[in-house]
Amino acid sequence: MSFLFPLYLAGAITIALPIYLHLRRKPPKDAVEFSTLMFLEPSKQQPIKRRSQLENLPLLLLRCLALLLLAAMFSRPFLAGGDKEGAAGQKRTVVLIDTSASMRRGELWNDAIASAKEMIGNVQSDGSVAVMTIGQTPRTLVSFGDWRDADPSRRADIAMKAIDEISPEWSGSNLGNGMIAAAEMIADAVGDEDSSLPAEIVVISDLQSGATLDAVAEATWPGELSVVLTQVEASSTNNAAISAAASSDPDKPTVRVRNDPDSETSSFEIRAGSQTISAIVPPGESRFFQLAAPASEIILGGDGEGQEFDNRLFLAPRKAASIKLQFMGAGKPDDSNRPEYYFRRAFSLSKVLNPSFVDDLEENPSILTIARSLNPEETTKVRNLLKAGGRALLVVRETSMAKTLGELAGGKTPRLNEYDGKYSLLQNIDFDHPTLGEFRDPRWRDFTQIHFWKHREVDPADLPDGSKVIAEFDSGAPAWIEIPIGEGSLLVMMSGWHPRDSQLSLSTKFVPLLFSIFSDAGPKVGGVRQFFVGDPLPIQEGINQITLPSGKKSELEAGVSFSPDEPGIYRLEGGNALAVNLRPSESELTPLGKEPLVALGVPVGKAAEGTPASRNRTLRNQESEAGQNFWRWAVVVLLVLLVVESWLGSRSTPVQLQTEATVS
Amino acid sequence: MRIRSLELRSRVVVEGFWSGIHRSPYHGFSSEFSEYRQYARGDDVRHIDWRVYARSDRYYIKKYEDETNLRCQLLIDGSRSMKYGSNPEFNKHTYAATLAATFAYFLSQQGDAVGVTRFDDKVCDYLPARNRPGHLRRLMLALEAPAEGKTTDFGGPLERIAQMHDRRGMFVLLSDLLAPLETLSTRLGMLRAQGHEVVVFQILDPREIDFEFDKAAQFTDLESGEQHFIDPASARINYLKKIQRHLDAASALCQSAGIDYFLSPTDRPFNLALYDFLSTRARRAAGPARTGTNPNVRSAT
């Protein structure tokens with residue numbers, strides 16, 4: 001009898017635990033909850049007499065046997081077969097070259113190319129090589145298939161030529177994705193070859209701390225794979241980066257200058273058109289600077305030659321967002337007794353918002369509020385809009401809107417009652433909900449100052465499944481309800497904000513609440529409107545052409561997103577301009593080291609396990625064990641033991657009680 | 001409705017208290033007369049005391065101790081240890097909430113602004129001190145919240161509270177103080193340094209003070225969930241020593257910071273606690289706060 005994983009047999013020593021527990025006196029059954037144990041020290045428990053431990057001997061034996069079986073099961077027993085020698089294979093290597101923007105620094109790119117070529121030149125004649133690059137997304141230059149199909153004498157030349165043709169990009173560094181893609185390429189190549197071949201991923205990168213590694217967090221790595229890190233290092237550690245910051249005045253942009261912790265200089269210069277600002281930023285710190293006038297391109301100088309890759313910042317002229325709004329309510333919009341009056345003022349013309357109020361659902365309003373009963377045709381249109389990912393706010397102003405609520409929610413018509421009390425306040429507000437997250441801070445979370453004079457009561461049981469009550473009235477009735485519909489959602493308020501219903505429209509929370517409800521469709525207040533290289537740009541339908549920063553025009557295909565590949569100002573048909581910048585994480589240049597990768601489970605620098613001969617023997621053992629499957633029988637016996645143990649355990653308790661009762 | 005019962009409880013305590021000592025509740029402490037000052041150009045003529053003018057033929061301005069009303073913030077410990085009660089129907093948190101409701105009702109009756117802050121290891125609920133119609137009801141609603149917090153940590157919440165209050169006021173801390181006292185000392189000192197008055201009511205269950213348990217049992221810490229086997233017969237003497245040391249430390253800490261400290265077991269009548277509170281106010285009104293012997297400290301036994 002042999003064992004596939006003999007180390008697990010050490011688990012047999014756990015039988016000491018039941019033996020120890022059987023030697024101990026049973027803990028008292030009385031349990032007391034006490035405010036604190038900080039003034040109490042645990043009392044010692046007396047062991048029971050040696051004679052009495054024999055009473056539960058069968059139970060103890062069963063438990064020990066179960067643990068022994070468990071240990072045996074994990075060590076996977078099998079009957080060893082004959083030994084046959086297998087052929088040793090050669091290594092499979094993926095060369096993964098980082099092409100992110102930070103590789104533009106100094107001589108980094110040339111060093112990286114030289115390392116890659118040296119790596120390929122050292123590959124043995126019967127080894128396999130693939131070459132990939134990783135910026136934001138992985139790209140294959142030479143696959144294992146290309147390598148295999150090429151003439152053996154020209155394989156290295158083909159790979160080196162492919163490397164010569166690439167250049168660093170402007171994207172961020174997603175090393176995690178690159179390593180996963182390389183591992184997948186190795187796994188795909190295994191199908192038609194010997195799976196026991198060792199494999200290696202050679203990462204050639206500056207290994208900056210800003211690299212994204214999320215993808216490797218949950219990856220499982222095969223045992224024969226190792227990752228070799230080849231770090232290229234810049235000669236100068238000076239670097240400073242410029243990025244956009246939120247500004248209260250759109251005409252005076254604010255920029256953030258961040259100096260690298262390893263920098264040796266702290267004096268920089270910010271140039272924007274005719275403006276020049278002198279900036280002193282100590283190493284490892286950030287400073288904010290406000291420009292006196294708008295600018296589309298801002299340049300940071302002073303961090304030395306070869307470090308210019310993150311020294312340009314592009315800003316698009318800030319234009320108020322054009323948003324279509326619709327308020328489906330009864331009465332005139334300028335009647336201050338109606339909710340529409342306040343809705344229009346909350347979304348009035350401002351520096352960040354250029355609203356246009358529409359009356360037809362066909363115009364696909366981004367912000368839709370309903371405060372009256374809908375006819376069947378309107379209901380269908382609103383539901384279609386919600387199913388497609390839209391969001392609408394339903395203000396239940398009267399009990400007759402029950403049918404509309406039921407139809408929009410896609411359930412039965414709920415029964416609505418008019419609340420007949422004096423007034424209500426809000427309670428049980430779910431500040432973890434995204435809509436109300438803005439009010440989480442204790443300074444803003446007091447909603448009790450808002451009186452709700454009237455509201456409609458609905459039984460939560462009448463609402464469709466998935467509905468979530470995010471606020472209640474103090475009568476216990478739902479106040480605000482979120483109902484998911486298809487891809488979108490409907491937010492229902494059981495009381496209006498106009499003076500007849502409540503004081504909500506008079507509260508300072510009213511406008512932030514409306515903006516928060518429509519945060520996906522509404523204007524972004526205070527934020528910076530910018531995009532990063534590699535992210536798809538939000539281009540509206542009907543726009544067919546985009547002007548690139550170089551001045552070239554590019555045709556846009558319908559239904560295909562456009563992702564910029566360099567920073568600059570991209571101009572759309574119709575005059576809109578979009579600023580695209582380098583991803584800020586790309587300026588985090590502190591070397592990552594291998595520890596974070598090891599912590600994420602990446603087999604860094606690990607040689608392929610075992611010699612070929614021992615590896616083959618392990619494989620044969622695995623096959624023998626898989627054919628015999630003794631561990632399954634062990635599971636069956638273990639289950640039977642556990643059933644008997646449970647039965648014995650349950651029998652012993654009443655017997656004891658009976659004995660105690662007889663004695664007493 | 002529970003809110004009514006809490007309001008009713010506080011009303012019964014306050015009105016019972018006044019009927020017991022035969023004194024009108026409508027004489028506020030915050031409008032205590034301080035001194036006369038001679039009129040100077042620019043002073044508001046409405047404050048001229050015409051009786052003094054009639055007697056002395058001189059214009060005098062009447063000054064008050066504090067021209068604004070008292071702003072009192074009730075700080076309720078909402079940690080899980082406050083859920084402990086030898087009487088399951090009336091635990092420490094219920095006692096603290098009722099006591100807070102009593103103070104709130106009393107102060108709002110005489111026109112002072114009252115607010116409530118509930119905290120555990122962070123500020124959970126915050127209701128600023130106000131005196132408006134309907135505010136008392138909101139206070140009661142906030143006080144109804146159960147003690148579902150985690151561990152007690154005075155550091156973060158008291159620092160946050162200090163940041164949120166720049167106007168001088170009064171803080172009444174209602175807590176079992178069953179936590180390390182080092183941070184409490186610095187944070188209470190910070191509040192005092194900002195000029196706030198601070199009153200501490202340490203609320204303990206009688207069972208926590210005398211540790212009268214009969215049987216050995218598995219004791220579970222309400223905050224950490226830690227379990228120990230405790231035999232009260234052997235553990236009691238040590239426990240009593242340690243809790244007494246802790247109570248003495250809390251008392252000494254408050255004394256050194258010029259803070260009024262009261263130990264309130266949950267079987268202590270509310271009207272006595274209210275009397276403690278008012279005696280503090282009266283003493284504060286009579287003279288400035290001084291560090292030194294604190295006459296309010298009562299023995300735990």
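Reader: What relative accessible area does A:Arg500 have?
Author: This is a predicted model in which local features need pLDDT of at least 70, side-chain atom pairs count only at pLDDT 80 or more, and totals for chains, interfaces and linings use all residues, while side-chain values use heavy atoms, with hydrogens and water left out. Residues are numbered from 1 along each chain as its sequence is written, and chains are lettered from A and ligands numbered from 1 in the order in which they are written. As for the scale, buried means under 20% relative accessible area, exposed over 50%, and partly exposed in between (1.4 Å probe, protein chains only). A:Arg500 is partly exposed, because its relative accessible area is 45%.

Reader: And which residue meets the side chain of A:Arg500 in a salt bridge at 3.1 Å, N to O?
Author: A salt bridge here is a side-chain nitrogen of Lys or Arg within 4 Å of a carboxyl oxygen of Asp or Glu. A:Glu418, A:Arg456, A:Arg500 and A:Asp501 are linked in a network of such bridges. The partner at 3.1 Å from A:Arg500 is A:Asp501.

Reader: Is A:Asp501 buried or exposed?
Author: Its partner A:Arg500 is partly exposed. A:Asp501, though, has 0% relative accessibility, so it counts as buried.

Reader: How many residues apart in sequence are the parts tied together by A:Lys117 and A:Asp164?
Author: The two side chains meet in a salt bridge of 2.7 Å, N to O. A:Lys117 lies in helix α3 (108–121) and A:Asp164 in helix α5 (155–164), so the pair ties together parts whose separation in sequence, in residues, is 47. (Helices are DSSP runs of H or I with at least four residues, strands are runs of E with at least two, and both are numbered from the N terminus.)
In residues, then: 47.

Reader: Which residue forms a salt bridge with A:Arg287?
Author: A:Arg287 counts as partly exposed because its relative accessibility is 33%. The other member of the pair is partly exposed too, at 35%. The closest N and O atoms are 3.0 Å apart, and the partner is A:Glu285.

Reader: What is the count of salt bridges over all chains?
Author: Side chains of opposite charge can pair when their charged atoms come close. By the salt-bridge rule, the count over all chains comes to 31.

Reader: Which strand holds A:Thr93?
Author: A:Thr93 counts as buried because its relative accessibility is 5%. Leaving out residues up to four places away in sequence, A:Thr93 touches several residues, among them A:Met119, A:Phe144 and A:Glu200; contact means heavy atoms within 4.5 Å. The strand, residues 92–98 of chain A, is β4.

Reader: In β6(A), which residue is the bridge partner of A:Met132?
Author: Strands β5 (128–134) and β6 (138–142) run antiparallel and are joined by 4 bridges; two strands pair if DSSP finds at least two bridges between them. They form a hairpin with 3 residues between them. Across from A:Met132 sits A:Thr140.

Reader: Which strands are the edges of the open sheet β12-β11-β14-β15?
Author: This sheet has 4 strands, and its pairing is antiparallel. Inside it, β11 (267–272) and β14 (297–301) pair over 3 bridges, with A:Ile270 opposite A:Leu300. The edge strands each pair on one side only, and they are β12 (275–280) and β15 (312–314).

Reader: How far apart in space are A:Pro261 and A:Glu588, C-alpha to C-alpha?
Author: A:Pro261 is in the loop between β10 (254–259) and β11. At 44% relative accessibility, A:Pro261 counts as partly exposed, and among its contacts is A:Thr590. A:Pro261 and A:Glu588 are 327 residues apart in sequence, but in space their distance is 9.5 Å.

Reader: What accessible area do A:Trp633, A:Val636, A:Val640, A:Val644 and A:Trp647 have together?
Author: One of them, A:Trp647, lies in helix α13 (630–663). Patches are made of residues with over 30% relative accessible area and no salt bridge, joining like charges within 9 Å and nonpolar side chains (Val, Leu, Ile, Met, Phe, Trp, Tyr) within 5 Å. Areas come from the Shrake-Rupley method with a 1.4 Å probe, and for residues only the protein chains shown count as cover. These five residues form a nonpolar patch on the surface, with an area together of about 530 Å².

Reader: What share of the residues of chain A count as buried?
Author: Chain A comes to 13 helices and 30 strands. Of its 664 residues, the buried share is 44%.
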